[in-house]
Amino acid sequence: MHLSLHTLLPSNTMFPAARTIALHSSSLCSVSSDKPSSPPSTNLTPKPKSLLQNHPLYTPTNEKLSLQFKEKILCLEVMGIDSGKALSQNPNLHTATLESIHSIITFLVSKGIQHKDLPRIFGMCPKILTSSIKTDLNPVFDFLIHDLKVPDHSFRKVIKKCPRLLTSSVVDQLKPALFYLNRLGLRDLEALAYQDCVLLVSNVERTIIPKLKHLESLGFTKEEARCMVLRCPALLTFSIENNFQPKFEYFSVEMKGKLEELKEFPQYFSFSLENRIKVRHMEVVESGINLPLSLMLKSTDDEFRELIKKGAG
């Protein structure tokens, strides 16, 4: 079976790059035909047999590329996927057929994923394009249904939030992560599915536990660190080097803050150091008022200015 672009995508699908070219060709990825072309109408400008012939891939410098490979690259590009990046991150794409890519798209659409979601999903995780529906993708959707209690009409919401779920092993990654997070106290399945699903694709040994250990190294007890994570699960997604260390240093050295404040408001680590924490802190210092950490950072700009004005008055 030889697939055309319109077999892969519905005619009304709009993607960024090359969509104008795509919509002017009834079979963009079909560059040859056994049937002779019909004579053009005298009143119409003759169309090329294939717009692929004018694509850079068809220049003499790329003569060694097979026709099928060229078709595959152009179809990826028309779908809005950076083919170079995708091939680099997923070498198996070199040997994947358009038929196999079509089967992946058809399967995902059957699960409620929309065509307009595919460029971002495949762009973030090109490995999905060569996944096995039976052994890779189906088990993930079974996990969503049975373990996270996600109804099938909500699959799209979860996958859009974290496409990496589709490239994660249920046995080796998703179930162990869910088990550990539940033991930690994160038992709200709805929150894990729709808000904090990135935690499910985080490695327990290499990512989650080191974050907890680092919080303990700052002076918090094991139980305090656990409670902080329950208050703000996003703590488990932050970088130690780029987030925890510089923000804690500023908090302890410049703000002269106490650990008790962070225990009560661990969301401190979710705010931008340069654009929020430092700016707000300096204004508070200059005004000479005292504000709780949460109020200083959570208030809107208007609310913050009002607090400063009242404090200064």
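**Exercise 1.** Is Asp301 buried, partly exposed or exposed, judged by its relative accessible area?

*Solution.* This is a predicted model, in which local features need pLDDT of at least 70 and side-chain atom pairs count only at pLDDT 80 or more, while totals for chains, interfaces and linings use all residues. Residues are numbered from 1 along each chain as its sequence is written, and side-chain values use heavy atoms, with hydrogens and water left out. Buried means under 20% relative accessible area, exposed over 50%, and partly exposed in between (1.4 Å probe, protein chains only). Asp301 has a relative accessible area of 45% and is therefore partly exposed.

**Exercise 2.** Find which residue forms a salt bridge with Asp301, and place both partners in the chain.

*Solution.* A salt bridge is a side-chain nitrogen of Lys or Arg within 4 Å of a carboxyl oxygen of Asp or Glu. The partner of Asp301 is Arg276, with the closest N and O atoms 3.9 Å apart. Asp301 lies in helix H17 (residues 301-312) and Arg276 in helix H15, 25 residues apart, so that the pair links distant parts of the chain; helices here are DSSP runs (H or I, at least four residues), numbered from the N terminus.

**Exercise 3.** Describe how Glu274 and Lys278 are paired and spaced.

*Solution.* Their side chains meet in a salt bridge, at 2.9 Å from N to O. Because Glu274 and Lys278 are four residues apart in helix H15, about one helical turn separates them. Glu274, at 49% relative accessibility, counts as partly exposed, and Lys278, with a relative accessible area of 23%, is also partly exposed.

Technical notes:
Helix = DSSP H or I, 4+ residues; strand = E, 2+ residues; numbered from the N terminus.
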